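Please open the structure in your viewer and keep the selection tool at hand. The tour proceeds in short stops, each with something to select and something to notice.

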Amino acid sequence: LSSPTHAAAAAAATALPPSGSFLEDSNSITHELRNQIQSLLNQIQQVQQQRLLLQQQQQSQQQQAATTTTAGGGGGSSSSRPQSGRKTISKSSAATKGSGGSGSASGAGITYGSINASTTTSSSASSTMNPANNNVVVSAAAAAVAMAAAHRELNDKEKSLTLLLDEKKKQLAMQRVSPLFTVAQLIDWGLLPVLDQVSTISMAATKEHSLYATLVSMKRAWRGVSLHLTPYKDSDTCVLGQLDEIQTLLDEHLMKSQALLASPFCKPFRGECEAWERLLKQLQVLLENWLTCQSAWMYLSPIFASPDIVRQMPEEGERFARVDTSFRTLVDEAVSQSGGGGGGGDVLTLAAEDERREMLVESNILLEEVQRGLAAYLEKKRLYFPRFFFLSN
């Protein structure tokens, strides 16, 4: 709840429990939900491990049953194999005629977990010839039924645990959005007599939250925004460029910041809004002075690169040398903050440094003096050679 600013809201606030009780209840509920979710995850993991062990046991029993059946079937077929060179009767004839005894049971074989009519017939026929083989068939069938029941039980348990886990996750997500409380609790707290005042406070808090969300979104939009610096001819330094997107974003956020400060609902975080607007204005001043200094430096740099001009204009040459050193230092520091890449460091970090802006302002003052001295020097040359009046500086 936001801090009430009028008497009715203050009376409503006194009728409510301390704000700490909301936070304590919310934290306890969140902690309990997290413990329940962790417990459900552990149970699901245990079920999956049990299923894996069950599958391993099933494979082991299948191999054991196949080995036992092969051994038993081989003995029966040897006792009942005809002495002459006649062929052994097939599975279908053994199942139909019921002759061949254990030889038919050996030919048919046993598939673990599946019992059909032909297998039952052949196993019943073999029981008269080999009782041990019949016991293997019965035990294998019982094991298959037990395994299938265990698999169904584990699947049902995992499904129910998964559904319960999803429900707890939804409850935790809701708890993170807002504290959970019931209408009965609101009635117990005596909220009904002051419902209008609480509604007023709630509306104010909603608007405050909306404004603060706007402030947070503006700060998030500037993350990772850096200046673009490109090498300039053969000067061993870089110049600033591609500022359209940054300038558009800066103008938009300055307008939003002024709108936030004009709203009466920004009072709880007015200091933060003012600090943000101040930082944006500092960035605006930095970019304006940087571009002004850069333009004048690019114009005067080839002129004062001539030693002859510097000898004729020593004061202006000295001033430009100071500006040249400061400008190159500024660019080098910006490039170093970006790790040596094509960027110029985080713009908000650069804007927050007062020394950088003051250095640019001083450089622009010196450049104006240099330009005035250069104009006076050219005017003297025009007086000596009137034809120069037809030429620009």
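By about how many helical turns are Glu 252 and Lys 256 separated in helix α9? Please select both residues before reading on; note also that the model on the screen is a predicted one.

**First stop: a pair within helix α9**

Glu 252 and Lys 256 are four residues apart in helix α9, so about one helical turn separates them. Display their side chains: they meet in a salt bridge, with a distance of 3.5 Å from N to O. A salt bridge here requires a side-chain nitrogen of Lys or Arg within 4 Å of a carboxyl oxygen of Asp or Glu. Glu 252 counts as partly exposed because its relative accessibility is 37%, and Lys 256 is partly exposed because its relative accessible area is 35%.

**Second stop: the neighbours of helix α9**

Two packed helices are described by the angle between their axes and the distance between the axes. Select helix α9, residues 244-262, together with helix α10, residues 270-300. Their axes come within 10 Å and cross at roughly 150°. Angles over 145 degrees count as roughly antiparallel, and α9 and α10 are therefore roughly antiparallel to each other. The crossing of these two helices, α9 and α10, is left-handed.

Now add helix α8, which covers residues 195-221. Helices α8 and α9 pack at an angle of about 160°, and their axes are 11 Å apart. The pair α8 and α9 is therefore roughly antiparallel, and the crossing of α8 and α9 is left-handed.

**Third stop: a link from helix α10 to helix α8**

Which residue forms a salt bridge with Glu 272? The partner is Lys 219, and the closest N and O atoms of the two are 2.6 Å apart. This pair links distant parts of the chain: Glu 272 belongs to helix α10 and Lys 219 to helix α8, 53 residues apart. Glu 272 counts as partly exposed, its relative accessibility being 30%. Lys 219 is also partly exposed, with a relative accessible area of 29%.

**Fourth stop: a link from helix α12 to helix α14**

Select Arg 322 and Glu 362, which form a salt bridge whose closest N and O atoms are 3.6 Å apart. Arg 322 lies in helix α12 (residues 314-337) and Glu 362 in helix α14 (residues 354-384); the pair links distant parts of the chain, 40 residues apart. Arg 322 is partly exposed, with a relative accessible area of 44%, and Glu 362 counts as partly exposed at 44% relative accessibility. Next, select Glu 333, Glu 353 and Arg 356, which are joined into one network by salt bridges that share partners. The count of salt bridges comes to 12.

**Fifth stop: a nonpolar patch**

Show the surface and select Val 183, Ile 187, Leu 192 and Leu 195. These residues form a nonpolar patch on the surface, with about 390 Å² of accessible area together. One of them, Leu 195, lies in helix α8. Leu 195 is partly exposed, and its relative accessible area is 39%.

**Last stop: helix α2**

Finally, select Glu 32, which is found in helix α2, residues 19-80. Is Glu 32 buried or partly exposed? Glu 32 counts as partly exposed because its relative accessibility is 46%. Add Leu 172, which is 140 residues from Glu 32 along the chain; the C-alpha atoms of the two are separated by 9.5 Å.

Notes: Residues are numbered from 1 along each chain as its sequence is written. This is a predicted model: local features need pLDDT of at least 70, side-chain atom pairs count only at pLDDT 80 or more; totals for chains, interfaces and linings use all residues. Side-chain values use heavy atoms; hydrogens and water are left out. Patches are made of residues with over 30% relative accessible area and no salt bridge: like charges are joined within 9 Å, nonpolar side chains (Val, Leu, Ile, Met, Phe, Trp, Tyr) within 5 Å. Accessible areas come from the Shrake-Rupley method with a 1.4 Å probe; for residues, only the protein chains shown count as cover. Buried means under 20% relative accessible area, exposed over 50%, partly exposed in between (1.4 Å probe, protein chains only). Axes are lines fitted to C-alpha atoms, for helices over the stretch in contact, and angles run from 0 to 180 degrees between N-to-C directions. Angles under 35 degrees count as roughly parallel, over 145 as roughly antiparallel, 65 to 115 as roughly perpendicular and the rest as oblique. A crossing is left-handed if the near helix is turned anticlockwise from the far one by less than a right angle, and right-handed if clockwise.
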